[in-house]
Amino acid sequence: MNAKITRRHTLAAFALAATALSPFAAHAEDVVKVGVILPMTGPSASTGREIAAAIKLFQAQKGDKAGGKKVEVIIKDDTGVADITKRLAQELIVNDKASVIAGFGLTPLALAVAPIATQAKVPAVVMAAGTAIITEASPYIVRTSFTLPQNTMPIAQWAVKNGIKKVVTLVTDYGPGIDAEKTFVATIKENGGQVLDSLRSPLKNPEFAPFLQKAKDLKPDALFLFVPSGQGAALMKQVSERDFAKEGIKVIGTGDVTDDEQLNNMGDAVLGMITSHNYSADHDSPENKAYVAAFEKANPGLRPNFMSVGGYDGMALIYAALDKTKGDTNGTKLVEAMKGMSWTSPRGPISIDPETRDIIQNVYIRKVEKKNGQLYNVEFSTMANVKDPFKAAKAAKK
Amino acid sequence: MIDTALHATTGGESRAMAWFAERAKWRWPEFALWIAAFALAFVFPSRSALFNEVAILALFALSLDIVLGYAGIVSLGHGAFFGLGAYVAGLLAKAGGGAGLYSDPTFGLLVAAAVCGFVGYLTSFLVLRGADLTRLMVTLGVALIFAELANRMAWLTGGADGLQGVLPGKILGLVEFNFMHPEYAYLYSLSVLFILFIVARKVINSPFGVSLRAIKGNALRAGAIGINVNRRLNGAYTMGAAYAGVAGALLAQTTAFVSLDVLEFHRSADVMLIVIFGGVGTLYGAIVGAAAFKLLYDLLAAATPQYWQFWLGLILVLLVLFVRGGIMGLVSGLYARMTGKGETP
Amino acid sequence: MSAVLSTKNLVRRFGGLVATNDVTFSLPAGARHALIGPNGAGKTTFVNLLSGVLPPTSGQVFLDGQDVSDWPVFKRARNGLSRTFQINQLFADFTPLETIGLALSEAHAEGAQFWRRAGTSKTIVDEAVSILEQLDLGDVMEHRVGSLPYGKQRLLEIAIAVAPKPKVLLLDEPAAGVPEGEREQILEIVEALPKEMALVLIEHDMDLVFRFAKTISVLVQGALFVEGPASEVARDPRVRQVYLGESEVEQHLGGAA
Amino acid sequence: MLTVLFDGIAYGMLLFVLAVGLSVTLGLMNFINLAHGAFAMAGGYIAVVMMQRFGLSLFWGLPVAFLVTAALGAFLERTLYVRLYDKPHLEQVMFTIGLVFMSVAGVDYFMGASPQIVDVPQSLDGNIDFGGVSLNKYRLFVIAFCAVLTLALQLGLSKTRFGSRLRAAVDDSRVARGLGINVTTIFALTFAFGSGLAGLGGALGAAIFSLDPQFPLKFMIYFLVVIAVGGTTTITGPFFASILLGVADVAGKYYTPTIAGHQIQIGGFVIYTIMVLVLIFRPQGLFGRAPGK
């Protein structure tokens with residue numbers, strides 16, 4: 001009697017375990033799964049949150065149908081650790097039969113997934129990571145965020161035009177930072193400028209003071225800054241302490257530094273700072289006005305930043321590709337459909353370069369100003385249809 | 001009195017021999033555990049990527065249990081060897097380009113073990129100075145210096161972008177790693193874990209292993225009976241380092257990628273947590289702890305991707321408040337009750 | 001007779017305090033020696049210097065004629081210098097069997113073997129069992145040491161030190177804390193130790209000292225005060241004055257006379 | 001050059017205020033409290049809430065941060081920590097890491113994942129010239145504040161009855177108990193005070209580093225470094241260790257030696273290399289006493 005009950009219990013437990021562990025075996029033919037892998041916890045959590053919010057907003061606005069099929073988004077947290085990203089990608093493709101994977105908060109996370117995308121022939125839409133080389137790692141990688149050379153070149157050219165001759169660069173010491181540094185330095189040097197020093201601060205570094213002090217002591221015309229999304233506030237706090245303006249040193253950077261999400265927290269010290277970037281929440285277009293309003297309504301207290309539009313446009317691209325293939329989820333066909341796709345995003349007109357699968361977009365020169373008591377990056381100059389300069393230079397050499 | 005004692009020796013020796021044999025005997029839950037572990041590959045092949053992570057983590061935890069649980073060296077920098085092993089195996093597989101000796105996975109494991117064992121032996125001399133807090137910080141410092149070196153040597157390691165083009169060859173020249181079949185990678189990692197576990201179990205039950213427990217139990221007495229305490233600890237630390245290197249190598253081979261986070265602080269901290277969580281100085285604690293930790297994480301992260309850390313923290317806190325000796329403390333208590341014996345020695 | 005253990009001008013200071021003051025001392029093989037002195041005379045420090053637990057500030061220690069002053073504890077132990085501690089130093093999670101097995105495998109230089117199971121060497125196991133039975137630990141040899149009664153633990157403390165058959169054995173208050181009824185057993189065991197083993201007993205209990213020791217050293221304020229055959233030391237008036245409680249000495253002298 | 005020293009000292013002073021409580025708990029109760037950083041984070045967020053929600057200035061945020069975290073510390077000490085004093089170190093590690101995880105996720109839940117910034121009061125904004133060197137007013141304030149605090153701590157420890165009892169308890173808690181000193185109460189008060197100091201440091205530091213839920217994990221290593229280098233038996237030890245590390249860290253990042261035409265960034269190595277070297281040559285820390293007599 002007792003034994004029987006125990007055995008029945010054991011069986012039940014097994015069955016339970018089996019359902020918990022096995023993939024959802026039955027899935028209807030008319031569902032397309034999009035596996036999104038983002039850092040939702042850990043140091044890069046804010047990137048993940050912005051993108052996840054944008055994806056939810058997109059689906060709330062546009063519905064869950066594309067190419068005649070239901071699009072189901074599965075969001076996973078990789079905590080920003082590469083081997084977990086890779087495993088999640090593998091599970092999403094093998095178990096959940098995801099037709100597209102997307103997300104990828106940091107460069108190594110995207111690169112870790114590249115071999116899988118290639119082997120599985122599944123499109124990987126990069127919504128955040130910004131090192132130039134990523135799209136070269138697999139023919140199935142398509143990017144809707146930006147590349148750092150793309151965002152850096154315009155500010156470098158702006159600096160040259162505005163009579164800046166001597167510069168110091170300070171970037172975070174990892175892939176994107178080095179990309180930004182190289183692009184900026186090359187552009188300045190090509191135009192006869194002088195780079196006094198190139199400083200790199202460790203990725204995990206709460207204290208920027210010594211680097212900033214060194215930059216100040218070198219007395220350049222301008223200091224160029226790049227830090228990843230999330231560190232801008234801390235950096236600008238310390239920049240404002242140093243009083244660069246008094247020494248006649250202009251502080252410029254990519255828009256990562258004056259990240260919309262944190263801009264309001266940075267205080268008046270950042271007023272007047274000039275940066276170049278692919279997106280500002282202040283971008284003046286009906287698409288963007290609607291986007292910002294809807295985003296802030298769905299996420300009170302959170303302003304959409306450039307990471308969020310990467311996620312939003314990534315979804316737009318996936319939907320459009322599915323529409324074009326009429327719901328065919330063959331990865332090669334999807335990537336083909338994505339190539340050359342162009343549409344108007346909240347950030348302005350964008351398209352996918354058919355050659356490199358990287359994004360072509362306008363890059364704006366902006367200045368931090370106060371509007372209705374809030375700080376915004378106000379765009380005042382546009383560089384239209386910028387291709388990733390890194391790959392453009394490579395193509396030119398060939 | 002002595003005379004009577006001498007006469008009373010009948011049977012004492014055989015009883016003693018039997019006691020030693022009994023203590024090292026394999027018990028049924030052990031067989032059950034390993035059979036279940038191998039069976040998982042066939043029952044749930046689709047979750048094998050997760051199981052593979054568990055197996056690698058278990059081996060990593062096992063390596064720390066040798067150092068922490070048996071040699072009693074508190075290390076908060078064991079990730080140094082894990083990362084070193086991963087880079088060694090990754091660079092080898094990259095150099096081999098998917099074929100030949102360099103890309104041979106077994107060769108990669110052996111070289112990783114040798115390199116990490118050697119570096120472990122050298123660093124063991126630094127680590128053995130001082131008490132718990134000092135050792136904690138020296139190991140941590142060494143690991144952080146390693147991480148910074150890997151970051152600086154981007155020409156070799158790929159720096160912050162990670163090491164690309166890691167192409168491990170066929171396992172034993174027969175089976176290819178195939179991401180559509182994560183169970184191959186899992187079975188590979190699990191087999192390595194199993195073999196190294198048997199080796200560790202044998203070593204722990206050897207006179208050397210007994211002397212390690214003695215040193216941990218009472219270093220003063222251990223020295224007074226003629227044990228060269230430092231030399232034994234050098235040995236244990238070397239072994240732990242080599243094991244950690246193999247775990248790192250497995251990660252590099254089965255994910256075909258190495259990034260800087262193999263050397264990050266959180267690896268060392270997590271693995272220490274896992275060993276304590278599972279139960280220190282039990283060997284199985286490392287394995288059970290790794291499995292419980294990963295599966296818990298997987299469940300919690302699926303349920304609440306943003307706030308899983310809270311629940312994991314709560315479990316750790318409750319476990320310390322209400323259970324002694326981690327999961328193995330719980331398990332051996334239950335086992336003792338089931339078999340009606342006292343606690344297993 | 002040459003000395004198995006000796007010291008030359010041995011000094012140990014702790015800051016300003018001189019715990020061992022210029023001690024030159026020698027112990028012949030097979031000695032039955034007692035080291036006595038009032039509280040704080042530096043007896044335990046002296047034993048720690050002999051066994052290598054503490055390094056000397058200056059002076060030398062010789063074991064079998066060899067200068068071992070900078071040898072660590074384990075090396076002296078391997079060369080035949082064994083000791084017990086005033087406070088038990090045992091492996092609480094071991095069994096007595098395992099403990100003695102370990103001590104023996106170290107003595108046989110098999111302690112670093114890692115590729116055979118402990119307990120497979122029949123000579124060691126047999127020897128361990130016979131030692132345990134001699135010291136009345138046979139019936140508890142499979143019990144956890146931490147759970148043994150204090151008296152048994154004290155016996156094990158001696159057993160560990162005796163097991164490797166040392167040339168010199170330092171017994172630091174072997175009967176300390178042992179209930180009255182069990183002291184006799186410890187004394188019998190000490191008395192029955194092999195003749196060729198040199199023994200040094202550090203003890204407060206004068207019954208024990210005078211029953212056991214053939215020679216005695218008296219340590220006062222870290223320095224050797226008096227040294228000589230037990231009967232002479234007992235009669236020495238300076239010793240009476242400085243150290244021995246008058247009544248106790250009288251009692252022993254009365255007994256001896 | 002002077003500015004580098006100045007920045008380093010400011011950084012070191014902050015580290016000291018953040019870490020000193022941990023040093024005392026470790027020395028006094030031999031308890032490894034890895035959750036110490038969580039108290040610092042709590043202090044920082046309390047200051048943020050005071051300033052953002054209630055519009056108070058940082059000057060008010062500091063004492064409130066101190067008091068609230070001290071109360072929190074006292075509460076947790078009495079309810080949770082007290083059960084762990086007899087447990088092995090490793091279980092203390094697991095327990096306090098568990099607390100860290102809970103605090104990280106908890107703060108994330110209530111305050112969000114993005115970094116918070118504390119505004120410096122108007123009067124401390126900007127720089128002043130000091131003999132040709134321009135010094136940041138807020139950092140100057142941090143140095144002055146921490147220096148006064150350290151002096152007060154040192155005086156409190158050496159001159160008051162409580163201080164002498166505390167020293168006795170740290171020296172040998174068994175003997176102190178025997179002398180009729182109520183070690184339990186002393187410890188509870190010290191723990192609360194140490195937590196309060198951490199909270200204060202968190203609030204002070206929030207205006208220099210940004211504050212986010214990862215704070216306890218990010219700074220855990222720094223705290224441990226300070227204590228390992230400074231030793232746990234005094235408060236001057238951790239103080240000098242903090243200053244040493246602060247200056248070394250800042251200088252290591254400022255000066256990049258050029259070897260064979262390559263700039264070598266030593267910034268990432270300096271602190272850890274110093275620590276490892278110190279511990280190899282003085283395992284009990286630079287200022288710690290050797291264990292035993």
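## Chain C, the B–A contact and the domains of chain A

Buried residues, meaning those with 20 or more other C-beta atoms (placed from the backbone) within 10 Å of their own, make up 47% of the 257 residues in chain C. This is a predicted model, in which local features need pLDDT of at least 70 and side-chain atom pairs count only at pLDDT 80 or more, while totals for chains, interfaces and linings use all residues. Residues are numbered from 1 along each chain as its sequence is written, and chains are lettered from A in the order in which they are written.

For 257 residues a compact globule would have a radius of gyration near 18 Å (over C-alpha atoms, 2.2 Å times the number of residues to the power 0.38), and the 19 Å of chain C agrees with this. The C-alpha trace of chain C spans about 60 × 40 × 35 Å along its principal axes.

Contacts, counted where C-beta atoms placed from the backbone lie within 7 Å, bring together 23 residues from chain B and 29 residues from chain A. On the side of chain B that touches chain A, α4(B) gives the most, with three residues.

In chain A, an automatic or database assignment sets the domain bounds, as tabulated here.

| Domain of chain A | Residue ranges | Residues in the contact between the domains |
|---|---|---|
| domain 1 | 31-146 + 285-356 | 16 residues |
| domain 2 | 149-277 + 363-387 | 14 residues |

The C-alpha centres of domain 1 and domain 2 of chain A lie 28 Å apart.

Definitions and conventions: Buried ≥ 20, exposed ≤ 12 C-beta atoms within 10 Å, placed from the backbone. Contact = placed C-beta atoms within 7 Å. Helix = DSSP H or I, 4+ residues; strand = E, 2+ residues; numbered from the N terminus.
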